[in-house]
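Visitor: Please take a close look at the backbone of this model, and go on from there to the packing of the interior. I would like one connected account.

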Amino acid sequence: MGALDYARQHRARFVDELKALLRIPSISTLPDHRNDILQAADWLLAHLRELGMTAELIPLNGGHPMVYAQWMQAPNRPTVLFYGHYDVQPVDPLAEWTSPPFEPTQRGEDLFARGARDDKGQIFAILKALEAYLKDAGRLPLNVKVLIEGEEEIGSPGISRWMDRHARKLACNMAWVSDGPMYARDQPSILTGLRGLLYTEVEVRGPAHDLHSGIYGGAVPNPVNAVATIIAGLKDRRGRVTVPRFYASVRDPSPEEKASWERLPFREEEFMRETGSTAAPGEEGFSILERRWSRPTLDAHGIAGGWTGEGSKTVIPAKVVAKISMRLVPDQRAKTVLRAFEKKVKQLAPPGIEVEVRELAGGDPVLVMPTVAPIQAAARVARAVWGADPVYVREGGSIPPVTKFDRLLKVPTVLFGFGLPDDNTHGPNEKFHLPNFHRGIETVIQWVEQVAG
Ligand code: BES
Ligand code: MN
Ligand code: MN
């Protein structure tokens, strides 16, 4: 009957199966969820085998296993690597969820659950496209490798190290990743760039032990004040990061790329409504899209230490920890920036304050040329399935393995996401728009046929 018809006939079952995967709370950053991580990996392993693929778990010592599967029975045809992640972000604030995060709930055409859109729903669209071929025709028109990791949301430390030694196992002609949003509803979007990330924990120590702020205040170093001083000193009044040589290797987007961004429908008021903010501050002289896509930036995420409980406690704490990250753009390198950042933070520390910088996650930025054949094929499919030409945009988020595909495998990655801008990724009430799930399946089915040659 054909893979497309197969997919259309089994839509309801596909959604039921996705719900089963979404019920597993595979939160990678919380040690308490280790068993759920393993359960999600096992679930996918069994599922891929059921589709007729050879599948295995690849352990990453100390880390969460990767699920790897392949179907390599199309000699003289290209090989595609599909990548995604089965781990999800924590769910707090839990009280903000309309339905429990791990009880997938359909409201209208949306499926609500943690991981629905990031990234379980999107990897599942890929798996269902493969199923449509394998269960309908009994074969695929090309060779396929599937890699689904469980550490993406914590910076992909294991896969990055593993790839340095085992890149050959992933040898392929092109990669496909669905792990992002579309620029707008009904607007297919192909990403030409992702920012990198350097995520640090900065420990700030003052007195040897906590002190009464009345007895000692005014005459001792205060780590909470010091953290504020440090963070404030990391950006200047024009919104520029003050780390020396931070911008030295930043490459400007081409005039054509910039011009194409200016043609995108974009309304500042709508952006502020989307974020619930009353201003859109950032680096002077750059548009909001440039600030998010092609400019690096620095953000603090949290400060822990001292008294943060209810009421008041007059204490000068001995120690405070701040989480600070930088989003990086081509051709910045996380390693280089880390050294300069550490030095700058130490310079900003007031007298009597000791600072230690620890790297929690790092990944370099990546660009993909939209002119390569697999992306042109995706553009044709976008027209057929979504009824519109794709826009070529970048995203500010990070998917470190994509950089590895570029540098180690030396293949282009098609970054075609099926999410919507209002899917609440990482937040409460994450959702996936089910029509996009089904169109996503059809997109992959048709793209596979196009690039099979
Ligand atoms: N899917 C996102 C990355 C993303 C976000 C791509 C928006 C395109 C648009 C991914 O799951 C993610 O959240 N990545 C983290 C990576 C980090 C923990 C190393 C990120 O960007 O914060
Ligand atoms: Mn993701
Ligand atoms: Mn994510």
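Guide: D331 lies in the loop between β13 (319-328) and α11 (334-348). This is a predicted model, and in it a cis peptide bond joins P330 to D331, with omega at about 0 degrees. A second cis bond runs from D92 to P93, where omega is near 5 degrees. P93 also sits in a loop, the one between β3 and β4 (105-107). As background, most peptide bonds are trans, and most residues other than glycine have a negative phi.

That brings up the sign of phi. N76 has a phi near 65 degrees, a positive value in a residue other than glycine. N76 belongs to the loop between β2 (66-71) and β3, and its relative accessibility is 81%, so it counts as exposed. N424 has a positive phi as well, near 60 degrees. Its place is the loop between β17 (413-416) and β18 (431-433). With 35% relative accessibility, N424 counts as partly exposed. K410, just after helix α13, takes a positive phi of about 55 degrees. Helix α13 itself covers residues 400-409, and its buried residues are P400, P401, V402, T403, F405 and L409.

Strand β3, which the loop holding N76 leads into, spans residues 79-85 and includes T79. T79 has 9% relative accessibility and therefore counts as buried, the limit being under 20%. Beyond its neighbours within four places in sequence, T79 is in contact with M72, N143, K145, A171, C172, N173 and M174.

Now the interior. In soluble globular proteins, nonpolar side chains tend to be buried together. Here the largest nonpolar core has 100 residues, and those with the most contacts inside it are F82, W176, F437 and W447. Helix α4 (residues 116-136) supplies the largest share of this core, 11 residues. Another core lies apart from it and has 29 residues, among them V202, V243, A334 and V355.

F82 shows what the packing looks like at one position. Not counting residues up to four places away in sequence, F82 touches I126, L130, V144, K145, V146, L147, W176, V444, W447 and V448. K145 is thus a partner of F82 and also of T79. I126 is one of the α4 residues that meet α14, and V444 and V448 are among those on the α14 side.

How do α4 and α14 cross? Two packed helices are described by the angle between their axes and the distance between the axes. The axes of α4 and helix α14 (residues 434-452) come within 8 Å and cross at roughly 50 degrees. The two helices are therefore oblique to each other. Their crossing is right-handed.

From α4, the residues in this contact are G121, F124, A125, I126, K128, A129, A132 and Y133; from α14, they are F437, G440, I441, V444, I445, V448 and E449. By class, the contact has 11 nonpolar, two polar and two charged residues. An α-helix has 3.6 residues a turn, so residues three or four places apart point the same way. F437, listed on the α14 side of the contact, is also one of the residues with the most contacts inside the largest nonpolar core.

Notes:
Residues numbered from 1 in each chain as written. Chains lettered and ligands numbered in written order. Predicted model: local features only at pLDDT ≥ 70, side-chain atom pairs only at ≥ 80, totals over all residues. Heavy atoms only, no water. Buried < 20%, exposed > 50% of the residue type's maximum accessible area, 1.4 Å probe, protein only. Helix = DSSP H or I, 4+ residues; strand = E, 2+ residues; numbered from the N terminus. Core = buried A, V, L, I, M, F, W, Y, C linked by side-chain atoms within 4.5 Å. Contact = heavy atoms within 4.5 Å. Axes fitted to C-alpha atoms, helices over the stretch in contact; angles between N-to-C directions. Parallel < 35°, antiparallel > 145°, perpendicular 65-115°, else oblique. Left-handed = near helix turned anticlockwise from the far one by under 90°. Nonpolar A, V, L, I, M, F, W, Y, C, P; charged D, E, K, R; others polar.
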